[in-house]
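Work through the following exercises with the sequence and the coordinates open side by side. Each task is followed by a solution that goes step by step.

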Amino acid sequence: MGKSASKEFSREVLKTHNDYRKKHGAPGLKLCSKLCKDAQQYAESLASTRVLKHSPESSRGQCGENLAWASYDQPGKEVSERWYGEIKNYNFNCPGFSSGTGMCTVSWKLP
């Protein structure tokens, strides 16, 4: 993915993600160039090993991490929709991690 495509992807994920957050009264998020750079480096590392695994928590500080694997390029909106699709399994009465809502759980934490 080239730089302009990567920036467009990031903007599309952010917009779609924030649209979903707004539906639930959660504040919007902003892109952070350092986090984007770190995420890109880690994604390239994962791609080279072809193993999908979370980075060590010590390397991300207080940041959450959502990973997804696809066998084709996906538009940013589609990636966000995959994340949000887990909401059907999320229990707002008992918030937190549960099987089937791992990606959704992290994203509901408010800044």
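## Salt bridges and their surroundings

E8 has a relative accessibility of 40% in this predicted model, and because buried means under 20% and exposed over 50%, this residue counts as partly exposed.

**Exercise 1.** Identify the partner of E8 in a salt bridge, and place both residues in the secondary structure.

*Solution.* Begin with the side chains: that of E8 meets the side chain of R11 in a salt bridge, with an N to O distance of 3.5 Å, which satisfies the cut-off of 4 Å. Next, consider the sequence positions, where E8 and R11 are three residues apart, about one turn of the helix, and both lie in helix α1, which covers residues 3–23. Finally, turn to accessibility: R11, at 46% relative accessibility, counts as partly exposed, and E8, at 40%, is likewise assigned to the partly exposed class.

**Exercise 2.** Determine which helix holds K34 and D38, and classify each of the two residues as buried, partly exposed or exposed.

*Solution.* Both residues belong to helix α2, residues 33–49, in which K34 and D38 are four residues apart, about one turn of the helix. Their side chains meet in a salt bridge with an N to O distance of 2.8 Å. For the classification, take K34 to begin with: its relative accessible area is 55%, so K34 is exposed. D38 has a relative accessible area of 31%, and therefore D38 is partly exposed.

**Exercise 3.** Explain why K77 and E81 are separated by about one helical turn, and give the distance of their salt bridge.

*Solution.* The separation follows from the sequence, because K77 and E81 are four residues apart in helix α4, residues 76–84. The salt bridge between their side chains has an N to O distance of 3.9 Å, a value that still lies within 4 Å and therefore meets the criterion. As to accessibility, K77 counts as partly exposed at 44%, and E81 counts as partly exposed at 34%. In total, the rule gives four salt bridges for the model, among them the K77 and E81 pair.

**Exercise 4.** Locate R60 in the secondary structure and list its contacts, leaving aside neighbours within four places in sequence.

*Solution.* R60 lies in helix α3, which covers residues 57–60. Once the neighbours within four places in sequence are left aside, R60 is in contact with H54, S55 and E65. As a further step, compare positions along the chain with positions in space: R60 and L35 are 25 residues apart along the chain, and their C-alpha atoms are separated by 9.0 Å.

Conventions: Residues numbered from 1 in each chain as written. Predicted model: local features only at pLDDT ≥ 70, side-chain atom pairs only at ≥ 80, totals over all residues. Heavy atoms only, no water. Helix = DSSP H or I, 4+ residues; strand = E, 2+ residues; numbered from the N terminus. Contact = heavy atoms within 4.5 Å. Buried < 20%, exposed > 50% of the residue type's maximum accessible area, 1.4 Å probe, protein only.
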